[in-house]
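Student: Please take a close look at one part of this model for me. I would like to go through the interface between its two domains.

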Amino acid sequence: MSTYLVTGARPYGEAPADLLLEDGRIAGIGPGLSAPGAEVVDAAGLVALPGLVDLHTHLREPGREDAETVETGSRAAALGGYTAVHAMANTDPVADTAGVVEQVWRLGRDAGLVDVVPVGAVTVGLGGQRLAELGAMADSAARVRVFSDDGMCVADPALMRRALEYVKALDGVVAQHAEEPRLTAGAQMHEGDRSARLGLTGWPAAAEEAIIARDVLLAGHVGARLHVCHVSTAGSVEILRWARSRGVQVTAEVTPHHLLLTDACAESYDPVFKVNPPLRTDADVQALRQALADGVVDAVATDHAPHAVEDKESEWAAARPGMLGLEQALSVVLATMVEPGLLDWRGVADRMSARPAAIGRLDGRGPLAHGRPLAPGEPANLVLLDPAARSVVDPAALSSRSRNSPYAGRELPGRVVHTFLRGVPTVLDGKAQR
Ligand SMILES: [Zn+2]
């Protein structure tokens, strides 16, 4: 295994230092390190952070390999600075058995660009009727700890309670897609003045907030861990704040697109901006940024949702909801959180690496851990980025198999230059190594 000497990087944006990567671990950090025989990677001026961890990625394999595969999604992730991604269960077949989660886990291992951590479905076939084999998935080679019917809400409160009881025994967590389906039938965009004017059926904030309120009460009653996917409203933030103050074990994520974009994007009727939950108001965006800054929202998660052209480039009402996220997530966080002074680089490392890894139980002490600090002895998972670079997003240049980026044509700051997974470069000089 090669030894790498990364020179002149700024760990957490602080004083320059060299990082020696040896046998998959960080062997040393400090100024003026020397290592005869090591391959030298010039990282002068680049910010070094722990490898990013995504809690919410749709890789589409098995079933929709025309939109994304584990390999193409892994490549997009590495180019975005990620070293681990959680692969959502709404594939075809659904990841609701040990067999399917092990298949996804093996595909990720074979691609070798990031650690692909399968999410297990909560209910059989995402049907919301019967619990899936949660214990068998937890005990499988994939070691599932995050369970989610994402795309669908676990709407039945009795079933949700039982799911929470099961995951508690497995040291797992239910990641809920909070959407009361009776309130969102036919919904196309955020319900408000704009949806009325545009003539599109609205998705009310209350449909998200009602489920979060119910679920934090259930999680508190059962004493289990609950994670809330893609929080999108100011009201949801208030409920989470209340639940935390009561000691409920609830964590939450926000997507890059909900930190940057608003329902004004729907004015264009461009279906690239159709997403579930929908883009909300400017007041919601401000509340989400503040909640991520103060930690009530724990993590940034991409909800990377590739769609084939025929599913996305149609009229608004017929288009599938969802947008790409992996390759631009760090840039959007730089633009919305770091440049305005809401988060420093240690904060970014916490919200995009340490906390998501802890929620997914990837942050143990072994060589396969993620979300660990940049320190001697820790696994050599890191990203090196140039915060001063700026570029215009070109969907044709993305590594994802799909093209539905909501940032097309938009100038964003920051560029991932190098990514290392256990001391091996997966991205060098902006180019994927596999
Ligand atoms: Zn979802």
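Tutor: Here is the interface, from domain bounds down to single contacts.

The model is predicted: local features need pLDDT of at least 70, side-chain atom pairs count only at pLDDT 80 or more, and totals for chains, interfaces and linings use all residues. Residues are numbered from 1 along each chain as its sequence is written, and side-chain values use heavy atoms, without hydrogens and water.

Domain 1 covers 4-47 + 377-432, and domain 2 covers 51-359. These bounds come from an automatic or database domain assignment. The domain centres, taken over C-alpha atoms, lie 26 Å apart.

Now the contact itself. 35 residues of domain 1 touch 46 residues of domain 2 (contact: heavy atoms within 4.5 Å). About 3200 Å² is buried between the domains, with 63% from carbon and sulfur atoms. Buried area is the accessible area (1.4 Å probe) lost by two parts on being put together, summed over both. On the domain 1 side, R401, N404 and Y407 lose the most area to domain 2, together 21% of what that side buries.

Next, the polar links. Three salt bridges are counted between the domains (a side-chain nitrogen of Lys or Arg within 4 Å of a carboxyl oxygen of Asp or Glu). D115 and R422 form a side-chain salt bridge at 2.7 Å, N to O.

Finally, the strands (DSSP runs of E, at least two residues, numbered from the N terminus). β16 (382-392), β17 (411-421), β18 (424-428) and β19 (431-432) each give two or more residues to the domain 1 side that touches domain 2. β17 gives the most, with seven residues.

Terms used: Helices (H or I, at least four residues) and strands (E, at least two) are DSSP runs, numbered from the N terminus.
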